[in-house]
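Q: Could you take a close look at one part of this structure and walk me through it slowly? I would like to know how the packing there is built up.

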Amino acid sequence: FPEWIFSGFVLLVIFLINYLSVRSYGETEYWLSIIKVVTIIVFLIVGFMIIFGIMGGQGPIGLKNFHYKKAPFVGGFPSILTVFLVAGMSFQGTELVGITAGESATPEKSVPKAIHSTFWRILLFYILSIFVMACILPYTDKNLLSSNVQDVAMSPFTIVFKRAGMAAAASVMNAVILTAVISAANSGLYASTRMLFSQAREGYAWKIFGYVNKRGIPIYALLGTMVVSCLAYLTQFIGPEAYNYLIGASGLCGFRICASGGPLLRRDIRLAN
């Protein structure tokens, strides 16, 4: 099945979700997030059972893969810097707390609650997941990402479920990863639209992007963001290297946003109050 057709269909659906109302965006993100949260919790349970030898049939694994051959710092300091770009791209999303403050019914309650829970979300969904994968999978696993993008076989999450002898769960994991990607695109479109809208209201972008329709949607900012989204969509016809450039650009921009996120978030909370 041609990838560009599926990608175009998803792009259209995401646009319609954001076009209808903020509520449709929120409801979509709510259910997609539940799928991710439940899956990660199941993954962590299965992963620790493999580490302690309860599942997988290989006995306790422990931390032996942490010092397997050149692990844990394969490639030295340059490789660590390279990983930072991918990590920066993957980590983005926590700044949405500040962006959504303006459309929250009770920001003085919901925003601090969301910020306080962010630490535990990072610990659970990022740190523990990476720890489990590092314990179970050696960096030399043939199914992991290699120097050639075309050689990618499957996600580390999927490999872990296969190691546990849960082939059906591995297939389900691929579907869950797909919903996670769609969720990231959905929230990215929402966030980009609101940032362009705010820039227009503050005089940093064309005034037309500051217009809001009867449903409370900054429609022209949404359309402007969709133009950029379509340009990113077209990069798939250039070649696999275009994807790497997009990751690099997104990662660097993410670090810039995180660096300025504190003052911006405090300002958004003051405005909301």
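A: What follows looks at helix α6, first through the nonpolar core and then through its packing with α7.

The model is a predicted one, and its largest nonpolar core holds 21 residues, of which Phe43, Ile50, Ile136 and Val160 touch the most other members. At least two residues of this core come from each of α2 (22-51), α5 (107-136), α6 (156-163) and α7 (167-201), and α2 gives the most, with six residues. Val160 can serve as a place to look from: leaving aside its neighbours within four places in sequence, Val160 is in contact with Phe43, Gly47 and Ile50, and also with Met133, Ile136 and Leu137. Apart from this core lies another, made of ten residues, among them Val10, Phe15, Leu222 and Met226.

Now turn to the pairing of helices. In general, two packed helices are described by the angle between their axes together with the distance between those axes. For α6 and α7 the angle is about 165°, and the axes lie 8 Å apart. Because angles over 145 degrees count as roughly antiparallel, α6 is roughly antiparallel to α7, and the crossing in which α6 passes α7 is right-handed. On the α6 side the contact is made by Phe157, Thr158, Phe161 and Lys162, while α7 brings Ala169, Ala170, Met173, Asn174 and Ile177. Sorted by character, the residues of this contact between α6 and α7 comprise six nonpolar, two polar and one charged.

Notes. Residues numbered from 1 in each chain as written. Predicted model: local features only at pLDDT ≥ 70, side-chain atom pairs only at ≥ 80, totals over all residues. Heavy atoms only, no water. Core = buried A, V, L, I, M, F, W, Y, C linked by side-chain atoms within 4.5 Å. Buried < 20%, exposed > 50% of the residue type's maximum accessible area, 1.4 Å probe, protein only. Helix = DSSP H or I, 4+ residues; strand = E, 2+ residues; numbered from the N terminus. Contact = heavy atoms within 4.5 Å. Axes fitted to C-alpha atoms, helices over the stretch in contact; angles between N-to-C directions. Parallel < 35°, antiparallel > 145°, perpendicular 65-115°, else oblique. Left-handed = near helix turned anticlockwise from the far one by under 90°. Nonpolar A, V, L, I, M, F, W, Y, C, P; charged D, E, K, R; others polar.
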